[in-house]
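Visitor: Please take one part of this model and go through it closely. I would like to see how a sheet is put together and what lies against it.

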Amino acid sequence: KSKQSVLIFQYKPQYLNASLVNTIIQKSEPLFSFRHECILPLLDYHYDGKSFYTVYEAVPKMHALELFLQNMPHWDIKTLWKFCTQLLLAMLAIEKQGLICGNLMLNQIYITPQKEVKLLRIGHWIDILTKAFPAYP
């Protein structure tokens, strides 16, 4: 038995089809071996015939960036600079691996109690959106 914290994301079933599920699986495979201190590792995925799930390693007591900023009494420029620097390092690592982050959204950025940035759900969003919604730019 493991006491490892995880985050599980469910893809909306109404947008899934066989082709999109195959694309998600293909784009997820390289993420199993991709490691960077600012990116939460993909641990597993599961498709039950209706919904698709991705499972990521989590850091206990981490918070979404948006929530962290809302609860921050004053925005310290050094802390914000540290976040930006960590985000850029993560984005560079993604680029070096030949992966595409796609849209970087606030719900993909988490902050640990040590004020370290952790990204998740990276690597294939543009391809997935393009396949699911052909009109997507």
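**A close look at the β1-β3-β2 sheet**

Guide: The protein chain exposes about 8600 Å², and carbon and sulfur atoms supply 58% of that area. The model is a predicted one. Buried residues account for 37% of the 137 residues in the protein chain. The protein chain holds four helices and six strands, and along the sequence they follow the pattern β-α-β-β-β-α-α-β-β-α. Of the contacts between residues at least 6 apart in sequence, 65% join residues at least 24 apart.

Now to the part itself. Three strands make an open sheet in the order β1-β3-β2, and their pairing is antiparallel. At the edges stand β1 and β2 (42-47), each of which pairs on one side only. Neighbouring strands of this sheet are turned by 20° against each other on average, direction ignored. In general, strands of a sheet pair through backbone hydrogen bonds, either parallel or antiparallel.

The pairing of β1 with β3 can be followed residue by residue. Strand β3 covers residues 52-57 and pairs with β1 in the antiparallel sense over six bridges. Within this pairing, F9 stands opposite T54 in β3. Helix α1 (residues 18-28) packs on the sheet and touches β1, β2 and β3. The direction of α1 makes about 165° with that of β2.

Strand β1 spans residues 6-11, and V6 is found in it. With a relative accessibility of 38%, V6 counts as partly exposed, because that value lies between the 20% limit for buried and the 50% limit for exposed. Together with I8 and L43, V6 makes a nonpolar surface patch of about 240 Å².

The other sheet can be set beside this one. Its three strands are ordered β4-β5-β6, form an open sheet and pair in the antiparallel sense. Here β4 (63-64) and β6 (117-119) stand at the edges with a single partner strand each, so one side of each has no neighbour in the sheet. Strand β5 (residues 109-111) pairs with β6 over three bridges, in the antiparallel sense. One of the residues in that pairing is I109, whose bridge partner in β6 is L119. Helix α3 (residues 77-96) lies across β5 and β6, running at about 35° to β6.

Conventions:
Residues are numbered from 1 along each chain as its sequence is written. This is a predicted model: local features need pLDDT of at least 70, side-chain atom pairs count only at pLDDT 80 or more; totals for chains, interfaces and linings use all residues. Side-chain values use heavy atoms; hydrogens and water are left out. Two strands pair if DSSP finds at least two bridges between them. Helices (H or I, at least four residues) and strands (E, at least two) are DSSP runs, numbered from the N terminus. Contact means heavy atoms within 4.5 Å. Axes are lines fitted to C-alpha atoms, for helices over the stretch in contact, and angles run from 0 to 180 degrees between N-to-C directions. Patches are made of residues with over 30% relative accessible area and no salt bridge: like charges are joined within 9 Å, nonpolar side chains (Val, Leu, Ile, Met, Phe, Trp, Tyr) within 5 Å. Accessible areas come from the Shrake-Rupley method with a 1.4 Å probe; for residues, only the protein chains shown count as cover. A salt bridge is a side-chain nitrogen of Lys or Arg within 4 Å of a carboxyl oxygen of Asp or Glu. Buried means under 20% relative accessible area, exposed over 50%, partly exposed in between (1.4 Å probe, protein chains only).
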